Amino acid sequence: MTTVNVEVTPLPGIGVRKDFAIRNGRRVGVVTHRDGQIELIVSKSDDPDACLASLPLTADEAGALANLLGAPQLVAQLTEEHREVPGIITKQLPIKANGPFDGRTLGDTAMRTRTGVSVVAVMRAGQVHPSPNPDFTFTAGDVIVAVGTSEGLEGAMKILKNG
Amino acid sequence: MDHTALSLIELGAVFFVLGVLGRLAGKIGLSPIPLYLLGGLAFGSGGLIPLQDIGDFTHLASEIGVVLLLLLLGLEYSAAELFTGLKRSWTAGLLDIVLNAAPGAAVALLLGWGPIGALVMAGVTYISSSGIIAKVLGDLGRLGNRETPVVLSILVFEDLAMALYLPILTALLGGVSFLGGLEAVGISLLVITVVLVIALRYGRYVSAIVDSDDREVFLLKVLGAALLVAGLASAMQVSAAVGAFLLGIAVSGSTAHNATRLLEPLRDLFAAVFFVVFGLNTNPASIPPVLGWAVLLAVLTSLTKVATGWWAARRQGLGKLGRARAGAALVARGEFSIVIAGLAVSAGAVVDQLAALATAYVLLMAILGPIAARVVEPLAKGLQRRRGHGHEPATSRAS
């Protein structure tokens, strides 16, 4: 894995800008205001000093975006690690708002007993919560990273959808 | 009608009209400062509606307005930010002083206002409005741009320069001799250094004194401390405004952040009164004779600010569009130009025309600044295109 050099620039009186250049030279990053508000910034292609977009995000929105970006990474890593074991795959399963397990615990799903699938991590607001306990309470926007057979994962998806 | 009733009615009318003006300014994307000044001109002596009954109140309120303006300016930056800003931008900061103070000083000398008048006008044309600029940068979505740290560090430098300039100006306005002036410089340098060191090392203790979890207690403590320090500084001839500014720097961290949030509405209220009072004390009839000079200064100092920003941004390796944006962003002058002119006028050490010139100048620059920041990009792009497509692309950065 290549390292990414995140540049941290103080913005006196406003907050901090953290960004990095992606392969094609454009910058992407965030401006964190002192009151905690986050803006997603993407530089223009024809003028690398300026921003094409500067999107204010709430904490929830930033967390959801971080999950979208972070979960596939974790899945790819786990898939790589389980390559020697044939038939085992890794999948991300989202917890939907007002779904059957929004606000309930991992134990309530009885995932392991019913499908043989193990939940290896939960992504929440861009943070990885590894090996969650049965009393780990889900909230909408969480992404479950589960490992199992393809039938087992099929079943796990149905459980999360229908309860 | 008795005196109190009349005062309440007049004050209510003033605030209400200011509210309407502020809303109007917001609708057309302008800073409300020029409209407040115009409001003051309309109310005041020689204006449409003279107000006599609320003089005592507005005088004190406008003083509190200055204290709060400077206190919140100090709260905005931590001592660490001031130091890094100083280290990063001192060359650009010096160029800024030379280029932008000179036009004001030169015009004052040409008009025969003497060395003190020149010092005042130098300050008026030098200091950019950090309030207007921060708002415009946010509104235009430029906080993530590369030129923004350049602009902000120049503003930080200007604020430090103010901390030096204000005590000197206060001493000179008070009529001290050249030696006395030097003494004032020495004292203010010493005081500023001590405050910065205290803020850097022991900022949390200063914060702990004013901090409280209770909003009401916190508000009273912060406001009380600010007025106490300002009053003491004023008694020591160091200028009330600088006292408040230094207190703001010494308070740091989350305390500073909470204090800003709590005091912002109060600052807006009292600063509005300050602008109105400044307008009130300026006779509208004295503006037309100096209008030509104001326009000349506006053109000159717009160009010099653009040059300052351009140069500073080029040193950071920015492209031409970024340099132009940095320059144009700095053009706005506002609250602090009026603070400086206000100090001079209330000391009575300068001619009345100076207030008129400062008013006309800030009216122009507070309107021109945000417009310049907006139009600079299409304008610069148009110029580039006319010089031939791809002649020299904006992406001339090395990294």
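Of the 163 residues in chain A, 29% are buried. The model described here is predicted, and chain A is a good place to start a tour of it. Its C-alpha trace spans about 55 × 35 × 25 Å along the principal axes. Four helices and nine strands make up the secondary structure of chain A, arranged along the sequence in the pattern β-β-β-β-β-α-β-α-α-β-β-β-α. Among the contacts in chain A with a separation of 6 or more, 50% join residues 24 or more positions apart.

The N-terminal part of chain A offers two hairpins that share a strand. Strand S1 (residues 7-11) of chain A pairs with strand S2 (residues 15-21) of chain A in the antiparallel sense, over five bridges. Within this pairing, A:Thr9 of the hairpin faces A:Arg17 in S2(A). Three residues lie between S1(A) and S2(A), and in the turn A:Gly13 has a positive phi of about 85°. S2(A) is also paired with strand S3 (residues 27-33) of chain A, again in the antiparallel sense and over seven bridges. Here A:Ala21 has A:Arg27 in S3(A) as its bridge partner. The hairpin of S2(A) and S3(A) has five residues between the strands, with A:Gly25 in the turn at a positive phi of about 95°.

Positive phi values also turn up outside glycine, and two such residues deserve a friendly glance. Most residues other than glycine have a negative phi. A:Ala110 departs from this with a positive phi near 50°. A:Ala110 sits in the loop between helix H2 (106-109) and helix H3 (111-115) of chain A, and it counts as exposed because 11 C-beta neighbours lie inside 10 Å. The other case is A:Ser131, which is not a glycine yet has a positive phi of about 40°. The loop between strand S8 (127-130) and strand S9 (143-148) of chain A holds A:Ser131. With 10 other C-beta atoms within 10 Å, A:Ser131 is exposed.

Chain A meets chain B through a contact that takes 17 residues from chain A and 26 residues from chain B. On the side of chain A that touches chain B, at least two residues each come from S1, strand S4 (38-43) and strand S5 (51-57) of chain A. S1(A) gives the largest share, three residues. By character, the residues on this side of chain A divide into nine nonpolar, three polar and five charged.

Turning to chain B, helix H1 (residues 3-27) and helix H2 (residues 33-43) of that chain have axes that come within 9 Å and cross at roughly 145°. This crossing of H1(B) and H2(B) is right-handed. H1(B) contributes B:Val14, B:Val17, B:Leu18, B:Leu21, B:Leu24 and B:Ala25 to the contact, while H2(B) contributes B:Leu35, B:Tyr36, B:Gly39 and B:Phe43. Nine of these residues are nonpolar, one is polar and none is charged.

Further along chain B, helix H5 (residues 114-126) has 13 residues and reaches 18 Å from its first C-alpha to its last, close to the 18 Å expected at 1.5 Å a residue. Ten of the 13 residues of H5(B) are buried, so this helix is largely enclosed by the rest of the structure. The buried residues of H5(B) are B:Gly117, B:Ala118, B:Leu119, B:Val120, B:Met121, B:Ala122, B:Gly123, B:Val124, B:Thr125 and B:Tyr126. Their cover includes helix H4 (79-110), helix H7 (147-173), helix H12 (287-315), helix H14 (335-347) and helix H15 (352-386) of chain B.

Notes: Residues are numbered from 1 along each chain as its sequence is written. Chains are lettered from A and ligands numbered from 1 in the order in which they are written. This is a predicted model: local features need pLDDT of at least 70, side-chain atom pairs count only at pLDDT 80 or more; totals for chains, interfaces and linings use all residues. Axes are lines fitted to C-alpha atoms, for helices over the stretch in contact, and angles run from 0 to 180 degrees between N-to-C directions. A crossing is left-handed if the near helix is turned anticlockwise from the far one by less than a right angle, and right-handed if clockwise. Two residues are in contact if their C-beta atoms, placed from the backbone, lie within 7 Å. Ala, Val, Leu, Ile, Met, Phe, Trp, Tyr, Cys and Pro count as nonpolar, Asp, Glu, Lys and Arg as charged, and the others, Gly among them, as polar. Two strands pair if DSSP finds at least two bridges between them. A residue is buried if 20 or more other C-beta atoms lie within 10 Å of its own, exposed if 12 or fewer, and partly exposed in between; C-beta atoms are placed from the backbone. The expected span of a helix is 1.5 Å times one less than its number of residues.
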